[in-house]
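Please find below my notes on the structure, set out as numbered points. They deal with local geometry, burial and charged pairs.

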Amino acid sequence: MTISILGINHRTAPVELRERVAFGPVQLEQALSEIKQLPGIEEAVIVSTCNRTELYCHGHAEHQPLLHWLAQFHGIGPSELEQHHYFHTQEDAVAHLMSVASGLDSLVLGEPQILGQVKQAYQQAKHFSVVGGILERLFQNTFRVAKAVRNETEVGQNAVSVAFAAVSLAKHIFGDLKHSNVLLVGAGDTSELVAQHLVQQGVSSLSVANRTLQRATELAQRVGAEAHSLSQLGELLPNADIVVSSTASTLPIIGKGRVEKALKQRRHKPILLIDLAVPRDIEEQVNELDDAYLYTVDDLQNIISENIKNREQAAQQARKIIAREASQFLDWLRSLDSVTLIRDYRQHTQKIAQVQLEKALAMLQQGKPAEQVMQVLSHKLSQQLAHRPTQLLKQAGEQGDQTTLSVLQQLWLEDDKQNKETN
């Protein structure tokens with residue numbers, strides 16, 4: 001039985017193709033049911049996000065039938081997927097899943113959201129009864145490994161987006177942001193990301209100022225902030241401990257004079273200003289003011305570049321953890337084969353013993369001497385139990401198979417040893 005994965009992701013396929021093979025929530029039940037019906041597949045989980053679609057299977061999944069099914073389900077030709085997909089089995093497949101869940105295979109190295117998406121995919125497959133004991137154990141192990149990667153490495157600890165870097169900088173300077181007054185200038189996507197990170201840090205006093213009050217109001221409602229127009233900047237700045245600006249203005253909207261006036265009203269209590277706009281929103285001369293600390297997007301990019309290096313180093317540690325855990329899982333999976341073999345062998349010998357026992361009892365009922373019956377029983381049992389090993393010995397000797405010969409010899413040596421100890 002094999003663990004296998006077939007998929008495409010942001011590294012192998014353009015977004016147009018990824019969109020066409022993504023699975024929506026209403027498609028999952030049908031898709032999982034169809035996969036389960038493919039020859040040899042016992043269990044399945046589908047992980048489908050904006051950056052990847054992956055089919056995880058346990059059983060005897062074959063590469064091409066699985067690829068053709070994925071293409072057919074979404075109404076595209078298999079040739080369109082041929083050069084953009086990947087197919088892994090056994091240890092490679094297990095390591096891939098653990099890497100995905102740990103954020104090592106993400107567009108942004110170390111991002112944490114993918115773990116929640118993998119957990120959701122597993123729960124959905126379990127809900128539709130297509131997860132059994134093997135994938136159950138694999139995904140539970142994977143969640144444990146992802147947690148270990150987070151706890152034992154710094155792969156997700158350093159900011160690698162401008163919005164996150166801005167908030168991380170503010171946190172580094174102020175420590176606890178819960179009691180800081182924050183002013184966002186601009187209501188675009190970057191400002192929204194900054195606002196989300198600020199809310200996660202516990203900021204409760206948050207204001208949004210924008211040229212269009214309606215846009216400011218819409219963002220403010222989503223993040224629990226107060227909305228203002230840019231004309232109110234003069235009133236807002238004196239109350240702001242942190243200012244993060246990101247507008248599409250072609251000219252600076254926060255000048256040195258305005259900040260100087262705000263500082264006087266604050267009795268020179270420091271202000272942190274972070275300018276994420278290009279062109280700049282905040283005049284460079286603001287840096288000349290005492291108690292005003294201005295950082296630009298270039299300053300943050302330097303921080304981000306250093307943090308990416310740190311994440312890459314942490315990722316190397318994480319890959320070692322994953323390699324070890326994937327190997328241990330495969331050891332467990334292989335042990336199941338030996339358990340099955342042992343069970344089958346015991347059943348085989350029990351059948352032989354039962355047949356010979358019934359024959360011996362029949363001989364006793366016919367009045368044959370007990371000693372003679374026991375000798376016949378012993379002879380028949382030894383003949384039948386030795387038949388197949390004898391054939392293997394002859395075959396191994398003819399082929400020079402020293403490994404098989406050594407294993408069988410070791411088996412008899414162990415038997416002799418146990419017999420002596422018993423006697």
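The points below begin with the basis of the values and then go through the model by topic.

1. Basis. The model is predicted, so local features need pLDDT of at least 70 and side-chain atom pairs count only at pLDDT 80 or more, while totals for chains, interfaces and linings use all residues. Residues are numbered from 1 along each chain as its sequence is written, and side-chain values use heavy atoms, with hydrogens and water left out.

2. Helix H12. Helices (H or I, at least four residues) and strands (E, at least two) are DSSP runs, numbered from the N terminus. Within H12 (residues 256-265), Val 259, Ala 262 and Leu 263 are buried. These residues lie on the same side of H12 because they cover an arc of only 100° around the axis, the arc being that of the directions from the helix axis to the C-beta atoms. Here buried means under 20% relative accessible area, exposed over 50%, and partly exposed in between (1.4 Å probe, protein chains only). Strand S9 (271-275) and strand S10 (292-296) are included in what covers the buried residues. Exposed Lys 261, Lys 264 and Gln 265 sit on the face turned away from the buried side.

3. Backbone after H12. Arg 267, just after H12, has a positive phi of about 55°. His 268, which is not a glycine, also has a positive phi, of about 65°. His 268 belongs to the loop between H12 and S9 and is partly exposed at 43% relative accessibility.

4. Loop between S9 and S10. Pro 279 is in this loop, and the peptide bond leading to it from Val 278 is cis, with omega near 0°. Asp 291 is found in the loop between S9 and S10 as well. Its phi is positive, near 75°, in a residue other than glycine. With 22% relative accessibility, Asp 291 counts as partly exposed.

5. Salt bridges. How many salt bridges does a search of the whole structure find? The search finds 13, a salt bridge being a side-chain nitrogen of Lys or Arg within 4 Å of a carboxyl oxygen of Asp or Glu. Asp 105 and Arg 11 form one of them, at 3.1 Å from N to O. This pair links the loop between H5 and H6 to the loop between strand S1 (2-9) and helix H1 (15-20), 94 residues apart. Asp 105 is buried at 10% relative accessibility, whereas Arg 11 is exposed at 52%. Glu 54 and Arg 52 form another, with the closest N and O atoms 3.0 Å apart; both residues are buried. Arg 11, Arg 52, Glu 54 and Asp 105 are linked in a network.

6. H7 to H13. Arg 144 and Glu 325 make a salt bridge, their closest N and O atoms being 3.1 Å apart. Arg 144 lies in helix H7 (residues 133-152) and Glu 325 in helix H13, so parts 181 residues apart in sequence are tied together. Arg 144 is partly exposed at 41%, while Glu 325 is buried at 10%.

7. Ser 102. This residue is in the loop between helix H5 (90-101) and helix H6 (113-127) and is buried at 0% relative accessibility. Leaving aside neighbours within four places in sequence, its contacts (heavy atoms within 4.5 Å) include Val 145, Val 149 and Ile 322.

8. Cysteines. The structure holds zero disulfides, a disulfide being a pair of cysteine sulfur atoms within 2.5 Å. Cys 50 is exposed at 62% relative accessibility; Cys 57 is buried at 0%.
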